[in-house]
Each structure stands twice: as structure tokens, then as C-alpha cells.
Amino acid sequence: AMASDALSYDLVQRLVDACVTANVQPPTPCDEYTLDDYAQMLRAWRESLHTRCRFKREALHLLAKKVETLLSDSKQAMIKNATSKPNVCERCLGRAQTLLERKPDVDKIEYGKPREPPYFCLRRGGVAVVLNDRQLVRDHLWLSVVFRGWLCKPCNNLLRDVDTRSTDAYRTFQRRVGRNCRTFSRSGDATADDIVDALRADYADSSTGAMDWVALGNDSAGLF
């Protein structure tokens, strides 16, 4: 819980105090925007006010700067808690390992995004071999100093959709993305119905709904 994480709790409290001082509604969870977005909205609000509203304009300017300072403080504190950088995204690797566990007849997986070269190859009992490098970022929740893992930018961006939505809003988001994913086409011997079923299962098992693809098979030639 946030209350048991004293430093993260302090950062949140400082944000609330700054909002109260500026007489501005604090951002709340599930608003569907990040604190970066919040700071931009404060600046846009300031620009929309007449120059005669100098006190309010100054308060909004100071609050936007305070939000950015708190974000920087949380990031620097989180970096101290981060583990050493791996060679591949930890979330992508976890999903590839899960797929290998579910497919005992498969020797290796080539993991990547649709219509892009595969990201890495993972053999059963082996380590991931990078085929096309991705930049990795340290992931953490806004104003939290808790390190969540090394993620590629696609996975990091997807977590934004989780972090900024309520449970109901995110389930709606999942259903919308799930429908869109049915338009994906994949080569191989699978029928159209098989592809849809596989996509649904893959999507349901994903914590964030990332629609990566994998090449499965003893020779990693067929797409599933």
C-alpha cells in the first residue's frame, strides 16, 4: 500500500498540498491522463486566462513546475531501487517463457511485433538472444519510487493505459482492442477461426493486452 511506502506517500502528499495552495483540483487516479499531461493542462489553462488574472496565472505556473519537480524527484529515487539492465524487456521475456511452457512440443520462439522483424529468439532452457534491439526504460508508477521492471517502450506505453484507467474503463479498453485485433492476419496453416481464437486467448492472458506475435515451432517457421 502507498501508506507503507513512506517516500512515495510523501511525494503524493506534497502534490496535494501544492494543489491546495494553488486552489486547483488535485489529479486523481483513473483520470485517464498522466501527470505530464496534467502539467501541460495547467499551462494551457494559464495561457487561456487574461493577463489581469496575474495571481491565478502565477499559481498555475508554480503548480506546473512543482508537478514536474515531483516527477523528477520520484524518478531519481526510483533509479536507486532499479536492478541491473537486462538484454531484453522483462515483460516480453515473461510472455515468451509462458508460451514455451504451454507448448511442450516447441523448441524455440521468435518474439516480436506484427509486420516488424522479430525482437528476440528464446530456446527452451536457454537465454533470450536479441535479434533486433529495443531501447529499455526503467518503469515505475508516477510519484512512486518503486521500481517495476525494465520494459521496452511498447510495453511501457501500454502500462500507461493500465495506470490511468479505472478497472471498468480498462475492461472497456480491452474489449475495444480485442475487436481491433481480429483484423490481424497471420500466415500459416491455421484457419481464420483458429487465428481469432488464438488472438483472443493471447489477449486474455496478457496483463495489459499487448498484441505481440510469436513464431512457434521446432524450426520456428510457422506463425501461430
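In the predicted model, the buried residues of helix α1 pack against α2 and α3. These buried positions of α1 comprise Ser8, Leu11, Leu15, Ala18, Cys19 and Ala22; they cover an arc of only 100° around the axis, and therefore lie on the same side of α1. The face of the helix turned away from this buried side carries the exposed residues Ala6, Val20 and Thr21. With 17 residues, α1 should span 24 Å at 1.5 Å a residue, and this agrees with the computed separation of 24 Å between its end C-alpha atoms. Just after the helix, asparagine 23 takes a positive phi of about 55°.

Helix α2, which runs over residues 35–48, shows a comparable division into two faces. Its buried residues include Leu35, Tyr38, Ala39 and Leu42, and because they cover an arc of only 100° around the axis, they are placed on the same side of α2. The cover over the buried residues of α2 includes α1 (6–22) and α3 (54–81), whereas the face turned away from the buried side carries the exposed residues Gln40, Glu47 and Ser48. The 14 residues of α2 reach 20 Å from the first C-alpha to the last, close to the 20 Å expected at 1.5 Å a residue. At the N-terminal end, α2 is capped by threonine 34, a side-chain oxygen of which lies 3.3 Å from the backbone nitrogen of aspartate 36.Charged side chains were examined next. Side chains of opposite charge can pair when their charged atoms come close, and a search of the whole structure finds 6 salt bridges. One of these lies within α1, where aspartate 10 forms a salt bridge with arginine 14, the closest N and O atoms being 3.7 Å apart. Both residues lie in this helix, 4 residues apart, about one turn of the helix. Aspartate 10 is partly exposed, with a relative accessible area of 35%, and arginine 14 is likewise partly exposed, with a value of 27%.

A salt bridge also joins glutamate 47 to arginine 46, with the closest N and O atoms 2.9 Å apart. Glutamate 47 counts as exposed at 56% relative accessibility, while arginine 46, at 21%, counts as partly exposed; the latter value may be read against the limit of 20% relative accessible area, under which a residue is called buried. Arginine 148 and aspartate 139 form a salt bridge through their side chains, at 2.6 Å from N to O. In this pair, arginine 148 is partly exposed, with a relative accessible area of 37%, whereas aspartate 139 counts as buried at 3% relative accessibility. Salt bridges that share partners also join Asp10, Arg14 and Asp73 into one network.

Over the protein as a whole, the secondary structure comes to 7 helices and 6 strands, and the elements run α-α-α-α-β-β-β-β-β-α-α-α-β from the N terminus on. Of the 224 residues, 39% are buried. Among contacts with a separation of 6 or more, 56% are accounted for by residues 24 or more positions apart. The accessible surface comes to about 13100 Å², and 51% of this surface belongs to carbon and sulfur atoms.

Key:
Residues numbered from 1 in each chain as written. Predicted model: local features only at pLDDT ≥ 70, side-chain atom pairs only at ≥ 80, totals over all residues. Heavy atoms only, no water. Expected span 1.5 Å × (residues − 1). Buried < 20%, exposed > 50% of the residue type's maximum accessible area, 1.4 Å probe, protein only. Arc of directions from axis to C-beta. Contact = heavy atoms within 4.5 Å. Polar contact = N/O pair within 3.5 Å; in protein donor to acceptor, adjacent residues only side chain to side chain. Areas by Shrake-Rupley, 256 points an atom, 1.4 Å probe, with all protein chains shown as cover. Salt bridge = Lys/Arg side-chain N within 4 Å of Asp/Glu carboxyl O.
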